[in-house]
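Here is a friendly walk through a two-chain model, written for someone who likes to keep the coordinates open alongside the text. Please load the structure and follow along.

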Amino acid sequence: MLEIKDLTVEVEGKEIIRNLNLNIEEGEVHVLFGPNGCGKTTLLMTLLGFPNYKVTGGCIMFKGVDITNLPTNERVKLGMGMSFQHPPEIRGVKLGDMVNIAQGRKEETIDEDVIALAKRLNISVEFLNRDVNLGFSGGEVKRSEILQLLAQSPDFIMFDEPDSGVDVENIELIGKIMSELLDRNKMPSKREKAGLIITHSGSIMRHIKADRAHVMLEGRIACSGMPDEITRNVMETGFERCVELCVRSKEVDAE
Amino acid sequence: MTKKETIERAERAKTKKAALGEDITIEGYIAGEEHETLNSLDEFPEEYRQDLLDAGIEPSEKGRSGSFLQRDCSVVFSTVKYPGLELMSTTDALKKHDWLKDYLWKAVPVDQDKYTADVELGQTQGYFIRSEPGKKVTMPVQSCLFISSDKIGQKVHNIVIAEENSELHIITGCSVSHAVNSALHLGVSEFYVKKGAKITFTMIHNWGPGMEVRPRSAVVIEDDGAFISNYILMTPVKSLQMYPTAYCVGKNARASFQTVIYAIGDTKIDSGTRTVLRGEGSRSEIISRVIATDNAKVIARSDVIGEGTNARGHIECRGLMLSDTAEIDSIPELKATRKDLDLSHEAAVGKVAEEEIQYLMARGLSEEEATSVIIRGFLNVDITGLPEGLARETKKMFDLSLEKVV
């Protein structure tokens with residue numbers, strides 16, 4: 001579904017991502033670990049095509065289409081979606097309006113199905129009438145993002161730190177809905193959606209099963225492996241040590 | 001004050017410049033020809049139909065308790081369909097009610113400036129709206145002041161009275177024919193909200209690039225009375241200066257003003273709202289949203305003067321700039337004259353934020369669509385205090401005005 005080849009990205013003249021390669025197949029969920037500033041969010045923003053993120057080398061293929069130079073909304077039309085970590089506040093634009101926009105509805109009223117989805121996320125109708133992200137708590141931002149994604153129903157979803165600033169109870173709920181969004185409840189052969197989850201703390205990984213995990217360091221993918229193993233190594237020994245372990249095991253494999 | 005004294009004071013103020021706004025020449029405008037009265041709003045010439053609709057007027061009169069239409073300087077239609085409501089030209093009302101003269105120039109001083117003086121000396125009609133004591137006229141009254149010919153000087157004096165414990169909802173539009181290149185509108189409006197009464201006043205200004213406009217409005221609110229104003233201007237205007245003022249004189253008197261201005265072309269606007277919180281526990285809220293594009297220049301003023309015990313006033317004014325050749329001057333002012341009161345303001349002027357556009361694009365909108373959603377959101381003021389049906393309708397009118405610009 002997604003094929004990133006030799007991607008190099010600059011932000012304000014500074015190279016943040018260097019020759020990055022990553023493939024995510026249909027039905028797969030990948031998780032990306034990495035310390036602050038390693039380029040995780042830059043990667044997501046680049047995949048989404050935000051103008052401040054300049055691709056200076058390589059390309060991004062999505063569903064067989066070269067999207068490297070497509071505007072954001074064209075990528076979204078092809079089936080990309082994103083759950084933002086720090087979405088902007090927009091005065092006068094209600095969460096309900098955002099849901100309708102995500103759904104591609106022109107009406108002002110909110111779809112009954114969406115109200116039912118909102119209920120599952122503990123989002124009330126009153127909350128749908130609030131200006132989006134204005135005064136939302138950390139957990140409310142995440143749930144609002146996920147509700148918008150449920151309405152949008154993308155084929156490939158990126159989650160930027162879905163577990164940061166969220167209490168334990170909400171992490172479980174968010175993990176459950178993310179699993180649904182990413183077809184995790186279906187038999188592997190029936191899974192059509194794909195996802196890329198960025199996490200700093202890794203706490204979301206207790207509530208969603210991924211197929212592959214990567215550790216990003218200084219703008220590259222430094223190591224890849226089974227999610228359980230990588231998560232454990234990252235949690236227990238930190239990013240750099242995890243990469244060392246990863247490199248060493250590769251060497252062992254090679255021998 | 002006798003009529004003679006009033007005229008004398010007006011005469012003395014004939015050349016008195018206004019405190020604010022450029023000094024415009026008001027000589028040379030004419031009253032124009034008399035227009036015949038209509039049997040129904042449907043008879044109003046087809047060519048002006050859209051201009052009326054744009055000002056929020058419902059030609060079928062459906063859902064309206066009364067309708068008033070003044071074309072240039074003639075009242076061409078005035079009808080009441082609701083008991084407890086009075087609606088007629090101010091001229092007729094003064095003949096009918098001897099007591100009405102005591103309300104003239106009580107809220108707005110006749111010698112405030114040359115514009116008020118000119119309305120006294122050369123008045124051309126205006127409307128009188130009154131709800132009888134205890135009568136809740138929940139269905140809105142509609143009134144429209146329309147200019148259909150060039151060089152017209154419309155000089156109206158409007159009086160609105162909500163008697164004790166009554167309720168009035170008014171939709172009023174000022175509109176000008178597309179064919180008019182240059183005209184003048186001087187409008188004095190005096191509102192009296194008696195004890196426990198409520199007036200909601202939704203006004204759409206639908207001017208044109210050749211219009212010079214000087215409204216002079218004031219509201220007097222007694223104990224437990226409420227005045228709610230929603231003002232919308234989305235069309236160009238050559239020059240508009242106004243500073244409506246609400247005097248909350250009664251205990252727990254409340255005033256709320258919401259102003260939405262989309263200034264385009266070479267529009268020049270100096271628009272303010274002032275509330276004087278004199279009564280114990282009186283409160284006011286002033287909300288304004290101003291967008292300036294092209295070469296428009298807008299001064300957005302707001303002023304709360306706290307004088308009464310436990311008075312509370314809040315100002316929230318926001319501006320959005322869409323052009324490098326436009327200008328917004330946001331001037332909120334607070335004045336407190338005793339210790340036990342609470343006044344606050346927030347003001348901000350900004351641009352359409354790039355990250356907001358990107359966020360919306362990430363939900364599938366094009367850059368253009370995203371910008372339009374943000375602008376609409378910016379202007380989206382929650383309309384409060386109106387009966388549900390009217391609130392819905394006001395929202396619809398607002399959306400229609402918006403559609404033309406965004």
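## A helix in chain A

Helix α6(A), residues 138-152, has 15 residues and reaches 21 Å from its first C-alpha to its last, close to the 21 Å expected at 1.5 Å a residue. Please keep in mind throughout that this is a predicted model.

How many of the residues of α6(A) are buried? The count is 12 of the 15, so the helix is largely enclosed by the rest of the structure. The buried residues include the nonpolar A:Val141, A:Ile146, A:Leu147, A:Leu149, A:Leu150 and A:Ala151. Among the buried residues there are also A:Lys142, A:Arg143 and A:Glu145, which belong to the charged class. An α-helix has 3.6 residues a turn, so residues three or four places apart point the same way.

Which elements do the buried residues of α6(A) pack against? Their partners are two strands, β6 (80-83) and β7 (156-160), together with the helices α3 (95-103), α4 (112-120) and α7 (168-181), all of chain A. Just after α6(A) comes A:Ser153, with a positive phi near 50°.

## Chain A as a whole

Stepping back, chain A has nine helices and 10 strands. Its radius of gyration is 18 Å, close to the 18 Å that the globule rule gives for 255 residues, so chain A is as compact as a globular protein of that length. The C-alpha trace of chain A spans about 65 × 40 × 35 Å along its principal axes. Buried residues make up 48% of the 255 in chain A. Of the contacts in chain A with a separation of 6 or more, 69% join residues 24 or more positions apart.

Two residues of chain A show such distant pairings at close hand. A:Met158 lies in strand β7 of chain A, and A:Pro88 sits in the loop between β6 and α3 of chain A. Is A:Met158 buried or exposed? A:Met158 counts as buried because it has 26 C-beta neighbours inside 10 Å. A:Pro88 has 17 other C-beta atoms within 10 Å, and is therefore partly exposed.

Here are the C-alpha to C-alpha pairs for these two residues.

| Pair | Separation in sequence | C-alpha distance |
|---|---|---|
| A:Met158 and A:Leu196 | 38 residues | 4.8 Å |
| A:Pro88 and A:Val132 | 44 residues | 8.2 Å |

Leaving out residues up to four places away in sequence, A:Met158 touches A:Leu44, A:Leu47, A:Met82 and A:Leu196. With the same kind of neighbours set aside, A:Pro88 is in contact with A:Asn133 and, across in the other chain, with B:Ala353, B:Glu355, B:Glu356 and B:Tyr359.

## Where the chains meet

Those contacts of A:Pro88 lead on to the interface. In total, 18 residues of chain B are in contact with 20 residues of chain A. On the chain B side, α5 (354-361) and α6 (367-379) each supply at least two residues. The largest share, six residues, comes from α5(B). By class, the side of chain B that touches chain A has 10 nonpolar, five polar and three charged residues.

## Domains and core of chain B

Chain B is divided into domain 1 (3-352) and domain 2 (353-406). Their C-alpha centres lie 25 Å apart. The contact between them takes 22 residues from domain 1 of chain B and 21 residues from domain 2 of chain B. On the domain 1 side, two or more residues come from each of β5 (136-147), β9 (198-206), β11 (226-233), β14 (254-263) and β16 (283-292) of chain B. β14(B) gives the most, with four residues. The domain 1 side divides into 12 nonpolar, eight polar and two charged residues.

In soluble globular proteins, nonpolar side chains tend to be buried together. Here the largest nonpolar core has 193 residues, and those with the most contacts inside it are B:Val193, B:Ile199, B:Val219, B:Ile221, B:Phe227 and B:Ala263. Strand β8(B), residues 183-193, gives the most to this core, with seven residues. Why does the core lie between the two domains of chain B? Domain 1 and domain 2 of chain B both give residues to the core, so it lies between them.

B:Val193 makes a good stopping point for a closer look. Beyond its neighbours within four places in sequence, its contacts include B:Ala162, B:Ile199, B:Val219, B:Ile221 and B:Phe227.

Methods:
Residues are numbered from 1 along each chain as its sequence is written. Chains are lettered from A and ligands numbered from 1 in the order in which they are written. This is a predicted model: local features need pLDDT of at least 70, side-chain atom pairs count only at pLDDT 80 or more; totals for chains, interfaces and linings use all residues. Domain bounds come from an automatic or database domain assignment. Two residues are in contact if their C-beta atoms, placed from the backbone, lie within 7 Å. The expected span of a helix is 1.5 Å times one less than its number of residues. A residue is buried if 20 or more other C-beta atoms lie within 10 Å of its own, exposed if 12 or fewer, and partly exposed in between; C-beta atoms are placed from the backbone. A nonpolar core is a set of buried Ala, Val, Leu, Ile, Met, Phe, Trp, Tyr and Cys residues joined through C-beta atoms within 7 Å. The radius of gyration is taken over C-alpha atoms; the globule rule is 2.2 Å times the number of residues to the power 0.38.
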